[in-house]
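Trainee: I should like to understand how the terms used for a protein model are justified. May I put my questions to you one at a time?

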Amino acid sequence: MLINFSFSNFKSFKDPQQFSLERTGVAQKNEPYDWPHNELSTVAAIYGGNASGKSSFIEALSFVSHYVARGFSDGFDLSKELHPFALDKSSSSAISSFLVDFLGQDGRRYRYELDLDGPKGVVTYESLRIFSEPGAARVCSSRLFEREARKGKGATYGYSYGNLFRGRRSVYEDAVKPGTPMLSVMAAMNNQTVMPAFEFLAHQVGFYDASLYEDELYGITEDLYKNKGGAEALSQLIAGSGFGIGAVQARDQLSDLYDASQETAGAGDSPYEEYLSSVLMVQDPTMDKEERLQKAKKLARVNPDQAIPNLKLAFTHQGKDCKAVFNRSQESNGTLAMLAFFSMALRAIHNGEVAIVDEIDTSLHPILVEQLVELFKDPATNPNEAQLIFTTHDTSLITKSGNDERPLARDQIWFVEKDCYGAATLYPLTSVQSREAENHGRNYLHGIYGAIPDPVFHERFAHVIQLLNQKPEPDAPTEEAEDE
């Protein structure tokens with residue numbers, strides 16, 4: 001589970017920022033459920049205007065995860081992947097810092113720190129610490145390893161290790177490069193001391209936005225075809241959720257044509273044979289028609305299931321008195337996005353992952369977003385304490401009406417706001433003077449908490465429209481025209 005995340009000098013953020021999922025004392029007291037880690041929240045929402053820096057916050061955590069997972073590969077160029085704050089001369093060449101505080105795969109608490117020189121593409125500081133075992137009378141942290149660049153001595157480092165570290169230290173030091181995380185090097189060499197921390201950072205934090213839905217849909221198609229349990233559960237979820245879809249399947253188009261050809265065997269050329277004949281004609285235009293047809297008939301006797309399948313999603317819809325199967329192109333983008341997002345949510349909850357979603361309300365109806373949040377907040381549906389962190393503009397999640405309970409508590413609400421110089425700031429609602437009984441959604445829209453679009457936008461837009469609608473003044477007559 002993610003506990004805290006701090007960073008500085010990354011994209012829209014110039015100064016140090018801290019994001020925390022540690023719950024306040026009041027929130028723990030009011031929590032209706034008994035969690036194994038009642039001190040940590042399983043949900044958090046980040047609000048802010050367009051271009052306020054919400055996505056930059058997500059990208060900061062995504063960068064750390066991606067760097068740990070891929071930083072050891074030859075194709076990773078730190079100087080190109082890291083983007084310091086660019087609207088300040090000193091920041092563009094300054095160090096970018098990251099700190100991740102989390103529970104590893106073994107249940108122990110870890111703290112991973114990174115200081116990176118983006119322009120030079122090198123690590124200036126890196127450390128991993130482990131905390132006392134759960135239930136210990138005294139909570140303290142111990143160093144597993146530490147690596148720090150020596151000043152004035154080029155790309156050389158000093159290394160230190162704690163008593164709990166096990167492994168071939170000199171081998172790791174010889175293998176690590178200036179632009180590579182040492183944690184990744186140790187994990188690549190199967191060092192078990194750091195593996196729980198590596199697995200969390202590299203594989204237990206998932207990032208999702210509209211640009212990644214295509215990859216998710218491809219994975220869904222593959223899993224459905226292979227009859228994997230998670231994909232079948234997803235199909236049942238969609239079928240039972242009132243969307244008018246009875247089933248979601250993965251169909252192999254070649255297999256469908258082959259099956260049709262077997263049913264019409266002996267009745268002349270089948271659609272499958274015609275398809276194969278067309279493919280052969282493209283491959284070899286010089287082949288005469290008779291030869292091509294004979295070869296197509298021979299190939300048609302080979303079951304395409306033995307080859308690489310050409311998979312497509314198929315959606316079965318139930319009408320009044322019949323069923324119809326729609327292909328992917330016949331479904332709306334909203335349906336496809338919903339399918340991809342539900343797949344992500346199921347996987348995250350099943351595996352106890354941290355799911356981080358940018359602009360969650362662009363893909364799901366507000367009611368579905370609220371129900372999804374409730375799934376992550378209930379140990380009956382989230383037994384592995386998966387966490388959902390998302391950016392949104394949907395204020396219904398923080399609006400209180402009458403005796404209704406808000407889906408999100410004060411310590412689960414965060415804001416991002418930019419100053420006049422383009423530097424973003426991340427802050428929680430608990431840092432603003434407010435009360436639990438307030439209507440946070442209404443107050444947010446009224447600008448009481450900040451992090452809203454510029455209130456004079458309407459005036460500026462109207463002024464631009466007026467400029468566009470102005471008729472150009474006629475050109476002044478020339479002297480020749482006046483003489484005439």
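Trainee: Which residue in E5 is the bridge partner of Leu-99?

Mentor: The model before us is predicted. In E5, the residue bridged to Leu-99 is Glu-113.

Trainee: What makes E4 and E5 a pair of strands?

Mentor: Two strands pair if at least two bridges are found between them. E4 and E5 have nine bridges, so the requirement of at least two is met. Their pairing is antiparallel. The two strands also form a hairpin, with five residues between them. In that turn, Gly-107 has a positive phi of about 85°.

Trainee: How do you know that E5 is paired with E6 as well?

Mentor: The same test applies. Strand E5 (residues 109–117) and strand E6 (residues 122–131) are joined by eight bridges, and at least two are needed, so they count as a pair. They run antiparallel. Glu-113 has Ser-127 as its bridge partner in E6, and Leu-116 has Val-123. Here too there is a hairpin, with four residues between the strands, and Gly-121 in its turn has a positive phi of about 70°.

Trainee: Why are E2 and E8 described as standing at the edges of their sheet?

Mentor: The sheet is open and has seven strands, in the order E2-E1-E4-E5-E6-E7-E8, with antiparallel pairing. Strand E2 (17–20) and strand E8 (157–161) each have a single partner strand, so one side of each has no neighbour in the sheet. Neighbouring strands are turned by 10° against each other on average, direction ignored.

Trainee: What makes H2 a helix that packs on this sheet?

Mentor: Contact means heavy atoms within 4.5 Å. Helix H2 (residues 54–70) touches strand E1 (2–8), E2, strand E4 (95–103), E5 and E6, so it packs on the sheet by that criterion. The direction of H2 makes about 100° with that of E1. Helix H6 (residues 195–203) lies across E1, E4, E5 and E6, at about 110° to E4.

Trainee: Which strands stand at the edges of the sheet that contains E3, and why?

Mentor: That open sheet has six strands in the order E9-E13-E14-E3-E15-E16, and its pairing is mixed. Strand E9 (205–208) and strand E16 (424–428) are at its edges, because each has a single partner strand and one side without a neighbour in the sheet. The twist averages 15° from one strand to the next. Within this sheet, E3 and E15 run parallel and are joined by three bridges; in E15, Trp-414 is the bridge partner of Ile-46.

Trainee: Why is the pair of Tyr-47 and Phe-415 called tilted?

Mentor: The search of the whole structure finds 21 aromatic pairs. The ring centres of Tyr-47 and Phe-415 are 6.4 Å apart, and the limit is 6.5 Å, so they qualify as a pair. Their planes meet at 45°, which is neither under 30 degrees nor over 60, so the pair is tilted. Tyr-47 lies in strand E3 (residues 43–47) and Phe-415 in strand E15 (residues 413–418), so the pair ties together parts that are 368 residues apart in sequence.

Methods
Residues are numbered from 1 along each chain as its sequence is written. This is a predicted model: local features need pLDDT of at least 70, side-chain atom pairs count only at pLDDT 80 or more; totals for chains, interfaces and linings use all residues. Side-chain values use heavy atoms; hydrogens and water are left out. Axes are lines fitted to C-alpha atoms, for helices over the stretch in contact, and angles run from 0 to 180 degrees between N-to-C directions. Rings of Phe, Tyr and Trp (its six-membered ring) pair if their centres lie within 6.5 Å; planes under 30 degrees apart count as stacked, over 60 as edge-to-face and the rest as tilted.
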